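Biologist: I would like to learn how to read a binding site. Could you walk me through one?

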Amino acid sequence: MAANLRAVCVFCASAPGVGETWAQAARAFARELLHRKLALVYGGSQQGLMGVVADTVLQGGGRVVGVMPTSLVQHEVAHQGLAKLHVVDTLAERKALMADLSDAFVALPGGYGTLDELGDMLAAQQLGLHHKPVGVLNTNGYYDSLITFLDHAVGCGFIRPPSRARLQLAADSATLLDALEHANLNAAEPGRSERSH
Ligand code: AMP
């Protein structure tokens with residue numbers, strides 16, 4: 001059964017990145033969310049690419065929900081214009097609530113935080129803890145080396161091919177959201193946890 005998307009969780013950088021490419025791609029992704037009437041769930045910051053995505057959805061009249069731990073509310077400067085800002089105690093609670101509030105997950109370019117969030121959703125999907133699609137927006141080849149690494153991990157026997165195949169990859173927003181909307185995770189499930197240990 002294809003995913004029925006209403007809210008998409010975006011993981012991305014709390015920094016703007018070098019040059020204009022990253023913000024342009026973040027705006028294009030946000031516009032595609034608006035076009036499809038999808039709500040945005042994200043980390044709640046007004047900084048970096050996180051702020052760019054949120055501002056663009058808000059300016060277009062879309063719904064934006066932020067989730068931020070208390071410790072980061074000052075540090076990352078919480079966005080003041082959101083439909084809802086959930087303040088939680090820990091980063092782990094933040095990820096759990098973002099996951100609960102969303103129907104799919106997308107990583108835009110980002111650093112350690114983004115990689116942690118992406119890895120967490122992929123690991124949980126692999127264990128069958130959720131059945132929501134996960135995608136990576138490979139803006140300007142940003143994630144090429146991560147994709148090469150994941151294929152290397154499959155070759156080494158540490159990631160199972162069906163698990164790798166479930167990760168949706170695209171360089172443009174419309175293609176990626178199409179793939180997430182049509183992802184058939186139930187059919188891809190091997191009927192058991194992929195981890196036998
Ligand atoms: P970054 O990609 O490093 O710019 O971080 C993107 C978002 O992830 C920011 O909101 C960070 O606060 C958050 N973040 C950083 N480290 C972690 C972590 N260990 N777990 C979850 N989120 C994190």
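Modeller: Happy to; we will go through the ligand, its contacts and the pocket, keeping in mind that this is a predicted model.

Biologist: Which residues come nearest to the ligand?

Modeller: A residue counts as near when one of its heavy atoms lies within 4 Å of the ligand. Here 16 residues surround the ligand, and Ser14, Glu76, Gly111, Thr114 and Asp116 come nearest. By class, that shell holds 6 nonpolar, 5 polar and 5 charged residues.

Biologist: What polar side-chain atoms lie by the ligand's oxygen and nitrogen atoms?

Modeller: For a polar contact, look for a pair of N or O atoms within 3.5 Å. Threonine 114 places a polar side-chain atom 2.7 Å from an oxygen atom of the ligand. Aspartate 116 has a polar side-chain atom 2.8 Å from a ligand nitrogen atom. The backbone takes part too: a polar backbone atom of tyrosine 112 is 3.4 Å from an oxygen atom of the ligand.

Biologist: How much of the ligand does the protein bury?

Modeller: Start from the ligand taken alone, which exposes 490 Å²; the protein buries 79% of that.

Biologist: Where does the ligand sit among the pockets?

Modeller: The ligand takes up the space of the largest pocket. Two elements, helix 4 (91-101) and helix 5 (112-126), each give two or more residues to the shell around the ligand. Helix 5 has the largest share of that shell, 5 residues.

Biologist: How much space lies in that pocket, and which residues are closest to its centre?

Modeller: The largest pocket holds about 380 Å³ of space. Its lining counts 27 residues, with Cys12, Ser14, Gly113, Thr114 and Glu117 closest to the centre. By class, the lining has 15 nonpolar, 7 polar and 5 charged residues.

Biologist: Which elements supply the lining of the largest pocket?

Modeller: At least two residues each come from strand 1 (7-11), helix 2 (48-59), helix 4 and helix 5. Helix 5 gives the most to this lining, with 5 residues.

Methods
Residues numbered from 1 in each chain as written. Predicted model: local features only at pLDDT ≥ 70, side-chain atom pairs only at ≥ 80, totals over all residues. Heavy atoms only, no water. Polar contact = N/O pair within 3.5 Å; in protein donor to acceptor, adjacent residues only side chain to side chain. Areas by Shrake-Rupley, 256 points an atom, 1.4 Å probe, with all protein chains shown as cover. 1 Å grid on protein atoms, 1.4 Å probe; cavity = no way out; pocket = protein on both sides within 12 Å on 5 of 7 lines; lining within 4 Å. Sits in = over half its atoms within 2 Å of the grid points. Helix = DSSP H or I, 4+ residues; strand = E, 2+ residues; numbered from the N terminus. Nonpolar A, V, L, I, M, F, W, Y, C, P; charged D, E, K, R; others polar. Points joined across faces, edges and corners; volume = space filled by probe spheres on them.
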